[in-house]
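Let's take a walk through this protein together, looking at its pockets and at the ligand. Keep the 3D view open as you read.

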Amino acid sequence: MSAFNRLLVAGLPLVPKFIVGKVASRYVAGETLDDALRVVKVLNSEGAMATIDVLGEEVAEREKALAAVDEYLRVFEAIPAHGVDSNVSIKLTLLGLKIDEGFCRDNVERIAAAAKAQGNFVRIDMEDNTCTDPTLRIYHDLQPRYGNLGVVLQAYMRRTLDDIAQLPREGASVRICKGIYVEPRRIAWKGFETVRANYVRALEKMIENGVYPAIATHDEYLVCAAQALIDKHGLHREQYEFQMLLGVDEELRRILIAGGHRLRVYVPYGQDWYPYSIRRLRENPEVARHVLRAMLSGK
Ligand SMILES: Cc1cc2nc3c(=O)[nH]c(=O)nc-3n(C[C@H](O)[C@H](O)[C@H](O)COP(=O)(O)OP(=O)(O)OC[C@H]3O[C@@H](n4cnc5c(N)ncnc54)[C@H](O)[C@@H]3O)c2cc1C
């Protein structure tokens, strides 16, 4: 990233919200469930699966967490009603993790039960390091009972290989990603190549341990390394999937699908789009060009 881009990224919180919204709209399906369903239908028609995420995080009021549960229950009614191929992703701080772990676990359980009734699946996103232990506790508690939960591990975390070793030998499904939160070096690898190396190590350990890997990346190097591991371990098409974010590198998405791989796109929607969009813009190598163009266009 250029020095100018780094400066702009640091100043993103000062950019007016409507401009952030304009530039970041490619990363978010819209504000309503109908918007999400429309996007998922298009993705399905292009050969991609989806995972729908209700935007929001760090809620401090029980009512907001309960409203998010209700929204997920609506999603599980809508998926079969619209005949779309999608599961869901959830963030535990939206479901009350910072209020009370037991309350959050009960909320996740309601979502897991609704998913199970529809034969569907729930991926628990991984947030910052304060959430890692409680997220894994809730996953390890509920997964044996419901069997339709998956979790996320972050390649930048030094603990990730140990966390893989703790997973159940059968039926574990893990999304492996680099990790997006800013973590201290004490607990997280910092070098770009180091994180890549740990990603490949983690992915191979998951495959060796019989974990279903959801390979979440837009990094062509990692896609190539993952393909090598898929070949080396003789995985069939149904034994793994690639995952990408809405609005990022659609060309790579098409290449993977044309290559015969299964690919799932993360489709977030909702009114609480701002923190998610800021994180996505920080990763965008062309952020300055987009933001400047939006500012100059004056709308
Ligand atoms: C499906 C999915 C789910 C995720 N879930 C989580 C999670 O639960 N917890 C978590 O901490 N992180 C999550 N992430 C984010 C992840 O940790 C990374 O921050 C993100 O994927 C960028 O890493 P990368 O592997 O794509 O490599 P990078 O090196 O960051 O990106 C590779 C290339 O992809 C392109 N690119 C990447 N991001 C953008 C962008 N925003 N806009 C435009 N181009 C871009 C650029 O060309 C870049 O050079 C998820 C990512 C995906 C794909």
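**Pockets and the ligand**

Let's begin with the second largest pocket, which has a volume of about 380 Å³. Bear in mind that what you're looking at is a predicted model. There are 17 residues lining this second largest pocket, and if you want to find its centre, go to Val54, Leu55, Gly270, Gln271 and Asp272, which are the closest to it. Helix α4, running over residues 62–82, supplies the largest share of that lining, with 5 residues. Sorted by class, the lining of the second largest pocket comes out as 8 nonpolar, 3 polar and 6 charged residues.

Now move over to the largest pocket, whose volume is about 1,600 Å³. Its lining takes in 45 residues, and Lys178, Gly179, Ile180, Arg280 and Glu283 are the ones that lie nearest the centre. Six names are worth picking out in your viewer here: α1 (3–10), β4, β5, α8 (192–208), β7 and α11 are the elements that each give two or more residues to the lining of the largest pocket. Of these, α11 gives the most, namely 5 residues. The class breakdown for the lining of the largest pocket is 21 nonpolar, 9 polar and 15 charged residues.

So what takes up the space of the largest pocket? That's where the ligand sits. The elements that put two or more residues into the shell around the ligand are β4 (149–154), β5 (173–177), β7 (241–245) and α11 (274–283). For the ligand shell, the largest share comes from β7, with 3 residues.

Zoom in on the ligand and you'll find 26 residues surrounding it, with Tyr27, Gly179, Thr217, His218 and Glu283 the closest. Gly179 and Glu283 should ring a bell, as both are also among the residues nearest the centre of the largest pocket. By class, the shell around the ligand holds 13 nonpolar, 6 polar and 7 charged residues.

Which residues have polar atoms facing the ligand's nitrogens? At methionine 126, a polar backbone atom is 2.8 Å from a nitrogen atom of the ligand. Arginine 280 also uses its backbone, with an N or O atom 2.9 Å from a ligand nitrogen. Arginine 175, on the other hand, uses its side chain, where an N or O atom is 3.0 Å from a nitrogen atom of the ligand. As for how much of the ligand is hidden, the protein covers 86% of the 930 Å² of accessible area that the ligand has on its own.

Definitions and conventions
Residues are numbered from 1 along each chain as its sequence is written. This is a predicted model: local features need pLDDT of at least 70, side-chain atom pairs count only at pLDDT 80 or more; totals for chains, interfaces and linings use all residues. Side-chain values use heavy atoms; hydrogens and water are left out. A residue is near a molecule or strand if one of its heavy atoms lies within 4 Å of it. A polar contact is a pair of N or O atoms within 3.5 Å; within protein, one must be able to donate a hydrogen and the other to accept it, and residues adjacent in sequence count only if both atoms are side-chain atoms. Accessible areas come from the Shrake-Rupley method with a 1.4 Å probe; for residues, only the protein chains shown count as cover. On a 1 Å grid over the protein atoms alone, a cavity is a set of points where a 1.4 Å probe fits but cannot get out, and a pocket is an open set with protein on both sides within 12 Å along at least five of seven lines; lining residues have an atom within 4 Å of a point. A molecule sits in a cavity or pocket if more than half of its atoms lie within 2 Å of its grid points. Helices (H or I, at least four residues) and strands (E, at least two) are DSSP runs, numbered from the N terminus. Ala, Val, Leu, Ile, Met, Phe, Trp, Tyr, Cys and Pro count as nonpolar, Asp, Glu, Lys and Arg as charged, and the others, Gly among them, as polar. Grid points are joined across faces, edges and corners, and a volume is the space filled by probe spheres set on the points.
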